[in-house]
Amino acid sequence: PVLDRVAESVVLLSIGGRWASGILLGSEGWILTNGHLFDPFLDPAKTCRHRPAPRPGALSPWREVVRCWEQGERVVRVRLTRGRRFCWVRARVLFISPGHLDVALLRLWDASEAAEGFALESAPRPSPRTGDTVYVVGHGVHGPRYGLRPHVTRGVLSAAIYGRNGHALLYQTSALVHEGNSGGALVSSEGDLLGLVVCNAKHGDRPSVPSLGFALARSVLHPASAFLRSKYCTQYLDELGTYDDNTYQRMWNWGSVSPDPQPAPGGPSFQSFIKTLDMTPLAKL
């Protein structure tokens, strides 16, 4: 029953003939997902995701990134789950992070269509412990083609990566993360939202590494909840858009996972290790 409730809070997104996942927040039609889903449609100069950050102040403001998206007159379609029935609606893109923090915020055009999503927390909750059972909930593998509800994979919280403020930054999990899970939910056994799924990993151009997935920790996402609770004070989006933690930036510049215990200097960067889930192309919606 808990995971059934969670499944209705994880929506399927269709963007430019591709699909991904998103998380409903609150009850007013807000959706949290990954910023990298929109990168194929943006000017690469406006973001620094998965590459070294430019000099301070060189990133485009998040409003400019959103305007770049809107100039293409593109549409985001959202499939809501209602028991065993589905409903397709439209959403507007209101925030895309231009930096390393892989976050975007959408809102349904008609908020009355939304089911109750994950609660908006007034304060960060205690972090889960390594070894806790966790679940990844999202629309991986099949997308909308077979009319399936969000699928669930089970694993443990393998590790937590902490930022300079002492809060968890990323969670590593053994729960399987498939193509299309970008923007899905990492949840606890009680159905609490722990993080936003961002990627899995692979050895260079070889298949994905089993049971090695990553999610942004909920403490990093706290400004998004604060934005909604404040009834849309944009200073919280400014905080998300300018988020700067060199721990997170270093994540995208790790050396690749290698069977060689002493990989050669100057080997593949983390860009070849992390496989960002760019959404699987759809033949037909």
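In these legends, two parts of the chain are in contact when heavy atoms lie within 4.5 Å of each other. Please keep in mind throughout that the model is predicted.

**Figure 1. Welcome to the whole chain, with its 6 helices and 13 strands.**
The protein chain has 285 residues, and 49% of them count as buried. Take the contacts in the chain with a separation of 6 or more: residues 24 or more positions apart account for 65% of them. How many disulfides does the structure hold? The number is 0.

**Figure 2. Six strands come together as a closed barrel.**
In what order do the strands of the closed barrel run? The order is 1-2-3-6-5-4, and the pairing is antiparallel. From one strand to the next, the twist averages 40°. To follow the barrel on screen, begin at strand 1 and step to strand 2: these two run antiparallel and are joined by 6 bridges. Next, strand 2 is joined to strand 3 by 3 bridges, again in an antiparallel arrangement. Strand 3, residues 30-33, then pairs with strand 6, residues 104-108, over 4 bridges in the antiparallel sense.

**Figure 3. The hairpin of strand 1 and strand 2 turns through 2 residues.**
Look for Gly16 in the turn of this hairpin, where its phi is positive, about 60°. Along the paired strands, Leu12 has Ser21 in strand 2 as its bridge partner. Is strand 2 mostly covered or mostly open? Strand 2, residues 18-25, is mostly covered, since 7 of its 8 residues are buried. A general point helps when you look at any strand here: in a regular strand the side chains alternate between the two faces of the sheet.

**Figure 4. A second hairpin links strand 2 and strand 3, with 4 residues between them.**
This turn contains Gly26, which has a positive phi of about 65°. Leu24 finds its bridge partner in strand 3, namely Ile31. Beside Ile31 in the sequence is Trp30, and the bridge partner of Trp30 is Arg107 in strand 6.

**Figure 5. Helix 2 keeps its buried residues on the same side.**
Which residues of helix 2, residues 62-70, are buried? They are Trp62, Val65, Val66, Cys68 and Trp69. Why do these residues lie on the same side of helix 2? They do so because they cover an arc of only 155° around the axis. The general pattern is worth remembering: an α-helix has 3.6 residues a turn, so residues three or four places apart point the same way. The cover over the buried residues of helix 2 includes strand 1 (10-15), strand 4 (76-82), strand 5 (85-96) and helix 4 (235-241). Helix 2 lies across strand 1, strand 4 and strand 5, and it runs at about 130° to strand 5.

**Figure 6. Two cysteines, Cys68 and Cys87, are both worth a closer look.**
Why does Cys68 count as buried? Its relative accessible area is 14%, and buried means under 20%. Cys87, at 17% relative accessibility, is counted as buried too. The structure has 0 disulfides.

**Figure 7. Helix 3 is largely enclosed by the rest of the structure.**
Why is helix 3 described as largely enclosed? The reason is that 6 of its 8 residues are buried. Those buried residues are Pro223, Ala224, Ser225, Ala226, Phe227 and Leu228. What do they pack against? Their neighbours in contact are strand 2, strand 3, strand 6 and helix 4.

**Figure 8. Arg218 sits in the loop just ahead of helix 3.**
The loop that holds Arg218 runs between strand 12 (208-217) and helix 3 (222-229). Is Arg218 buried or exposed? Arg218 counts as buried, because its relative accessibility is 12%. Where does its side chain reach? The side chain of Arg218 extends to the backbone oxygen of Leu193, at 3.1 Å.

**Figure 9. The loop between helix 3 and helix 4 holds Lys231 and Tyr232.**
Helix 3 is followed by Lys231. Although Lys231 is not a glycine, its phi is positive, about 60°. Tyr232 is not a glycine either, and yet it has a positive phi of about 80°. At 29% relative accessibility, Tyr232 counts as partly exposed.

Note on methods:
Residues are numbered from 1 along each chain as its sequence is written. This is a predicted model: local features need pLDDT of at least 70, side-chain atom pairs count only at pLDDT 80 or more; totals for chains, interfaces and linings use all residues. Side-chain values use heavy atoms; hydrogens and water are left out. Buried means under 20% relative accessible area, exposed over 50%, partly exposed in between (1.4 Å probe, protein chains only). A polar contact is a pair of N or O atoms within 3.5 Å; within protein, one must be able to donate a hydrogen and the other to accept it, and residues adjacent in sequence count only if both atoms are side-chain atoms. A disulfide is a pair of cysteine sulfur atoms within 2.5 Å. The arc is that of the directions from the helix axis to the C-beta atoms. Two strands pair if DSSP finds at least two bridges between them. Axes are lines fitted to C-alpha atoms, for helices over the stretch in contact, and angles run from 0 to 180 degrees between N-to-C directions.
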